[in-house]
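Here is a short briefing on side-chain packing, cysteines and charge pairs. Please look over the sequence and model first.

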Amino acid sequence: MKLQSMARPAAEVTTSVHCPICTHTVEARVITTRKRSFVKPGQKCPRCNSSLDAAYVLHYDRAA
């Protein structure tokens, strides 16, 4: 008998990220898994129109 994986599905939220090109904090969709959070691929910065694929997630609130 195989044990089923207990992995939760990835959640998608809007939060603050740091654009590496224009160095501003902007809002973007972030995908969160168990311990990782990363920017959803294919988004553009609303200020400079560069890709946010390499952006840093600054703040993500989640319940304990």
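**Salt bridges, cysteines and core**

Salt bridges link Glu-12, Arg-29 and Lys-40 into a network. The model is predicted. The salt-bridge count is 2, and the disulfide count is 0. The largest nonpolar core has 10 residues.

**Charge network**

- Arg-29 and Glu-12 form a salt bridge through their side chains, at 3.2 Å from N to O.
- Arg-29 belongs to strand E2 and Glu-12 to strand E1 (residues 11-18), so this pair ties together parts 17 residues apart in sequence.
- Glu-12 also pairs with Lys-40 in a salt bridge, with 3.3 Å between the closest N and O atoms.
- That second pair links distant parts of the chain, 28 residues apart. Glu-12 sits in strand E1, while Lys-40 sits in the loop between strand E3 (37-39) and strand E4 (56-59).
- Glu-12 is partly exposed, at 36% relative accessible area.
- Arg-29 is partly exposed, with a relative accessibility of 31%.
- Lys-40 is partly exposed too, and its relative accessibility is 31%.
- As background, side chains of opposite charge can pair when their charged atoms come close.

**Cysteines**

- Why is Cys-19 not bonded to the closest cysteine sulfur? That sulfur, in Cys-22, is 3.6 Å from the sulfur of Cys-19, which is too far for a bond. The cut-off for a disulfide is 2.5 Å between sulfur atoms.
- Cys-22 is likewise in no disulfide, and its nearest cysteine sulfur is that of Cys-19, 3.6 Å away.
- Cys-19 is buried, because its relative accessibility is 0% and the limit for buried is under 20%.
- Cys-22 is buried as well, at 17% relative accessibility.
- Leaving aside residues up to four places away in sequence, Cys-22 touches Cys-45, Arg-47 and Cys-48.

**Nonpolar core**

- Three cysteines appear among the core members: Cys-19, Cys-22 and Cys-45.
- The valines of the core are Val-17, Val-26, Val-30 and Val-39. Ala-28, Leu-52 and Ala-55 complete the set.
- Strand E2 (residues 25-32) gives this core its largest share, 3 residues.
- Strand E2 also holds Arg-29, one partner of Glu-12.
- In soluble globular proteins, nonpolar side chains tend to be buried together.

How values were computed: Residues are numbered from 1 along each chain as its sequence is written. This is a predicted model: local features need pLDDT of at least 70, side-chain atom pairs count only at pLDDT 80 or more; totals for chains, interfaces and linings use all residues. Side-chain values use heavy atoms; hydrogens and water are left out. A nonpolar core is a set of buried Ala, Val, Leu, Ile, Met, Phe, Trp, Tyr and Cys residues joined through side-chain atoms within 4.5 Å. Buried means under 20% relative accessible area, exposed over 50%, partly exposed in between (1.4 Å probe, protein chains only). Helices (H or I, at least four residues) and strands (E, at least two) are DSSP runs, numbered from the N terminus. Contact means heavy atoms within 4.5 Å. A salt bridge is a side-chain nitrogen of Lys or Arg within 4 Å of a carboxyl oxygen of Asp or Glu.
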